[in-house]
Amino acid sequence: MKQNSIVILDFGSQYNQLIARRVREMGVYAEVVPYFEDLEKIKARNPKGIILSGGPASVYLEGAPTVDKAMFDLDIPILGICYGMQLTQHLLGGEVAKADKQEFGKAEVIIDDENSPFFYGIEDNTQVWMSHGDHVTKIAPGFEKIAHTASSIATLYNAERNIYNVQFHPEVTHSVDGHQMLRNFVFDVCKCEENWSMGNYIEQTVKEIKETVGDKKVILALSGGVDSSVAAVLIHKAIGDQLSCFFVDTGLMRKNEAEKVMKTYGEHYHMNIECVDAEDRFLNKLKGVSDPETKRKIIGHEFIAIFDEQKQKMKDAEFLAQGTIYPDVIESQSVKGPSATIKSHHNVGGLPEEMDFKLLEPLRELFKDEVRKVGRELGIPDHMIDRHPFPGPGLGIRIIGEVDKEKADILREADDIFISELRAANLYQEVSQAFVVLLPVKSVGVMGDERTYEYTAVLRSADTIDFMTATWSHLPYEFLGRVSNRIINEVKGINRLAYDISSKPPATIEWE
Ligand SMILES: Nc1ncnc2c1ncn2[C@@H]1O[C@H](COP(=O)(O)OP(=O)(O)OP(=O)(O)O)[C@@H](O)[C@H]1O
Ligand SMILES: O=c1[nH]c(=O)c2[nH+]cn([C@@H]3O[C@H](COP(=O)(O)O)[C@@H](O)[C@H]3O)c2[nH]1
Ligand SMILES: NC(=O)CC[C@H](N)C(=O)O
Ligand SMILES: [Mg+2]
């Protein structure tokens, strides 16, 4: 199945995951590799086409990312996008320089060669998205201009080598026919076949898991979230009772979470699944701690300690299964420079360094939407598949400041009301992630002629595609009013509610 693939070389563009997704949506396997991937390794993948992504650098500066020129002689069709175009031109005898002014935004493409397969089905003056400060000042020998805009060369083509170069970004939705251009490249130029489907993926992966695991045992940290759940069901399909899942009830889970997870997965799938009740452990460790990073670290360590203990109990467990997905993989191999730690995300991904396990990560090639498709094909109920993400540290980072059981109970009730009202109003699927935050701030209120002095809570709802940037959801006032009424009337301990109207950046989605 992967014989029929497109390799995307990553030069640091923020859009490279998008390119891979667009291609996969067409039913063709695509993977992102760093630009410095060895040419031999690229060849070994036997791709039908190569896409060079955009990137922030300038080809004419020293130390700019580059590739082995031999790549252009492999007889594999190549599409260079933005930086990828500039690099192709630079390496093959053209020239690139800084433009007088940056071009950022929409532009209209005038097609010079309407017979080019790259433009099949596309009308003249189609709108594309530009984002560059450099431009091609001399076209490399062997290339001809097949499209332009009012201010720049839009597309170059080398017939002999079957290379296309575009200055714009066909992968973003602002490029109206960008999808069609990529389709044309993938199917008409590279001659790929449509054979990447989640059904195939399941079949193949189940086979691979069986071969890898043999008669050994696998343990898996099951959170009830999408990734670990899909991983669990997939592995269970392959090896049945050789899999043992552990759900840790940290005491910082949502209302009835432990029961729900145990019920859905235990009864429905007849899996070995054990609930580790660790509420006291987590709450004791968190006593007196209010610094967000310290709280995160304590929670992370406690998870590790618990899995270590489970491992000691099951001596024949050789594999640790994780719900690592493709964006995690791309991020960890990303060509971008080191970025500041904003928050240390808890991840059981930290486990293997400290513990002696072989890793089993059956979802590491999939994007989230593909993981959801796999989950649906495996028959996992929609209400589990469509859940908003829930962070490992759970309510521990949604109770601002010091955490205790009383606050966790209050927050659980409030959160449950918000989420069930979202579901009742058919808004749950419309927003990307919603929850309640409990502040360590008390204020005065009046209830039935009595004075109250209770906590303030905040509703948070974010809309996002990749969770890297987000906007606050414009929920209807009437809906917010209903949630406010219910929470303040029904949850003892909260007498005031606010709505968070901050975007990310500069805020983040969670409060800690
Ligand atoms: N309460 C828990 N018990 C056991 N494992 C957990 C728990 N919370 C988190 N994990 C582990 O940490 C991993 C990372 O958590 P993360 O929230 O990123 O993924 P997820 O829960 O599987 O999916 P989602 O992103 O949809 O919440 C999980 O896949 C799971 O293996
Ligand atoms: O598994 C996780 N462990 C963590 O420690 C963690 N911290 C934040 N998140 C989730 O990441 C997304 C982005 O959150 P922030 O904007 O708050 O950084 C949002 O979806 C957050 O819920 C976490 N997930
Ligand atoms: N988006 C890009 O790939 C930008 C490429 C190059 N740095 C430029 O500004 O022209
Ligand atoms: Mg989760």
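This tour moves through a predicted model, one selection at a time.

**The nine-stranded sheet**

Begin by selecting strands β1 to β9. They form an open sheet of nine strands with mixed pairing, in the order β2-β1-β3-β4-β9-β8-β7-β5-β6. The edges are held by β2 (29-34) and β6 (126-138); each has a single partner strand, so one side of each is left without a neighbour in the sheet. From one strand to the next, the twist averages 25°.

**Strand β3 and its partners**

Next, select β3, residues 49-52. Which way do its residues point? Gly 49 and Ile 51 point one way from β3, while Ile 50 and Leu 52 point the other way. All four of these residues are buried. As a rule, the side chains of a regular strand alternate between the two faces of the sheet.

Add β1, residues 5-10, to the selection. Strands β1 and β3 run parallel and are joined by four bridges; Leu 9 has Leu 52 in β3 as its bridge partner. Then add β4, residues 78-81. The pairing of β3 with β4 is also in the parallel sense, over three bridges, and here Ile 50 stands opposite Ile 78 in β4.

**Strands β8 and β9**

Move along the sheet to β8 (residues 153-158) and β9 (residues 163-166). How do these two strands run? They are antiparallel, with four bridges between them. To inspect one facing pair, select Thr 155, which stands opposite Val 166 in β9.

**Helices across the sheet**

Now display helix α3, residues 83-91. It lies across β3, β4, β5 (95-111), β6, β8 and β9. Relative to β4, helix α3 runs at about 115°.

Helix α4, residues 178-189, should be displayed next. The strands that α4 lies across are β1, β3, β4, β6 and β9, and the helix runs at about 145° to β3.

**Ligand 3 and Pro 56**

Select ligand 3 with the residues around it. These are Ser 13, Gly 54, Gly 55, Pro 56, Ala 57, Ser 58, Cys 82, Tyr 83, Ser 131, His 132, Gly 133 and Asp 134. Which element gives the most to this shell? It is β6, with four residues. Sorted by class, the shell has four nonpolar, seven polar and one charged residues.

Within this shell, centre the view on Pro 56, which belongs to the loop between β3 and β4. Pro 56 counts as partly exposed because it has 13 C-beta neighbours inside 10 Å, whereas a buried residue would need 20 or more. To check a distance, pick the C-alpha atoms of Pro 56 and Tyr 83: they are separated by 7.5 Å, although the two residues lie 27 residues apart along the chain. Both Pro 56 and Tyr 83 are among the residues surrounding ligand 3.

**Strand β10 and its neighbours**

Leave the nine-stranded sheet and select β10, residues 217-221. This strand is mostly covered, with four of its five residues buried. Colour its two partners separately. Strand β13 (residues 317-321) runs parallel to β10 and is joined to it by four bridges, with Val 218 opposite Phe 319 in β13. Strand β11 (residues 243-249) likewise pairs with β10 in the parallel sense over four bridges, and Ile 219 stands opposite Ser 244 in β11.

Adding helix α6 (residues 226-239) completes the picture: β10, α6 and β11 make a right-handed β-α-β unit.

**Ligand 1**

Keep α6 and β11 visible and select ligand 1. Its surroundings comprise 18 residues, of which the closest are Ala 221, Ser 223, Gly 225, Asp 227 and Ser 228. The elements giving two or more residues to this shell are α6 and β11. Helix α6 supplies the largest share, three residues. By class, the shell around ligand 1 has nine nonpolar, eight polar and one charged residues.

**Glu 274**

The final selection is Glu 274, found in strand β12 (residues 272-277). Is Glu 274 buried or partly exposed? It counts as partly exposed, because 15 C-beta neighbours lie inside 10 Å. Leaving aside residues up to four places away in sequence, Glu 274 touches Ser 244 and Phe 246. The first of these, Ser 244, is the residue in β11 that stands opposite Ile 219. Lastly, pick Leu 222: Glu 274 and Leu 222 are 52 residues apart in sequence and 9.4 Å apart in space, C-alpha to C-alpha.

Note on methods:
Residues numbered from 1 in each chain as written. Chains lettered and ligands numbered in written order. Predicted model: local features only at pLDDT ≥ 70, side-chain atom pairs only at ≥ 80, totals over all residues. Pairing = 2+ DSSP bridges. Axes fitted to C-alpha atoms, helices over the stretch in contact; angles between N-to-C directions. Contact = placed C-beta atoms within 7 Å. Near = placed C-beta within 6 Å. Nonpolar A, V, L, I, M, F, W, Y, C, P; charged D, E, K, R; others polar. Buried ≥ 20, exposed ≤ 12 C-beta atoms within 10 Å, placed from the backbone. Right-handed = clockwise from strand over helix to strand, strands pointing away.
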